[in-house]
Amino acid sequence: MNKKNNRLCLKNFSLEKKSFAVCLALCMGIGFLGAHRFYNGDKREGFFFLFLSLSVIGFPAALLCAWLDMGLLIAGRFKQNKT
């Protein structure tokens, strides 16, 4: 296989289609750290979760928000970042 064909294959690879199962697993496992938000492409919200969870007072709020996001994921109402 030459380099031109290899580049065409890599060019067609897209990360836009996110796996529901991976996103749900990240939300259930380490969602309080914002892992599911980073996976979805929401860097700003992911960093918000991360910094919130690192504070003692903010940890329960980050955990609650992760549970709410898990509910939204299961219900199919979790917004997917289009960028």
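Begin by selecting Phe 78, which lies in the segment after helix H5. The model on the screen is a predicted one. Is Phe 78 buried or exposed? Its relative accessible area is 15%, and residues under 20% count as buried, so Phe 78 is buried.

Next, display the surroundings of this residue. Leaving out residues up to four places away in sequence, Phe 78 touches Cys 23, His 36, Arg 37, Asn 40, Asp 69, Leu 72 and Leu 73. Then select Leu 68, which stands 10 residues from Phe 78 along the chain. The C-alpha atoms of Leu 68 and Phe 78 are 9.8 Å apart.

**The nonpolar core**

Now keep Phe 78 selected and add Cys 23, Leu 24, Cys 27, Met 70 and Leu 73; together these six residues form the largest nonpolar core. Which helices each supply at least two residues of this core? They are H2, residues 20–30, and H5, residues 58–75. The greatest contribution comes from H2, with three residues.

Within this core, select Met 70. Apart from neighbours within four places in sequence, Met 70 is in contact with Leu 24, Cys 27 and Met 28.

**The crossing of H4 and H5**

Colour helix H4, residues 43–54, and then helix H5. The axes of these two helices come within 6 Å and cross at roughly 140°. Angles over 145 degrees would count as roughly antiparallel, so at this crossing angle H4 is oblique to H5. The crossing is left-handed.

Show the side chains where the two helices meet. On H4, select Phe 49, Leu 52 and Ser 53. On H5, select Gly 58, Phe 59, Ala 61, Ala 62, Cys 65, Ala 66 and Asp 69. What classes of residue make up this contact? Seven are nonpolar, two are polar and one is charged. Asp 69, which belongs to this contact, is also among the residues that Phe 78 touches.

**The whole chain**

Finally, clear the selections and view the protein chain as a whole. How many helices and strands does the chain have? There are five helices and zero strands, and the pattern read along the sequence is α-α-α-α-α.

The chain has 83 residues, of which 24% count as buried; Phe 78, the starting point of this tour, is buried. Consider also the contacts between residues at least 6 apart in sequence: 46% of these join residues at least 24 apart.

Definitions and conventions: Residues numbered from 1 in each chain as written. Predicted model: local features only at pLDDT ≥ 70, side-chain atom pairs only at ≥ 80, totals over all residues. Heavy atoms only, no water. Core = buried A, V, L, I, M, F, W, Y, C linked by side-chain atoms within 4.5 Å. Buried < 20%, exposed > 50% of the residue type's maximum accessible area, 1.4 Å probe, protein only. Helix = DSSP H or I, 4+ residues; strand = E, 2+ residues; numbered from the N terminus. Contact = heavy atoms within 4.5 Å. Axes fitted to C-alpha atoms, helices over the stretch in contact; angles between N-to-C directions. Parallel < 35°, antiparallel > 145°, perpendicular 65-115°, else oblique. Left-handed = near helix turned anticlockwise from the far one by under 90°. Nonpolar A, V, L, I, M, F, W, Y, C, P; charged D, E, K, R; others polar.
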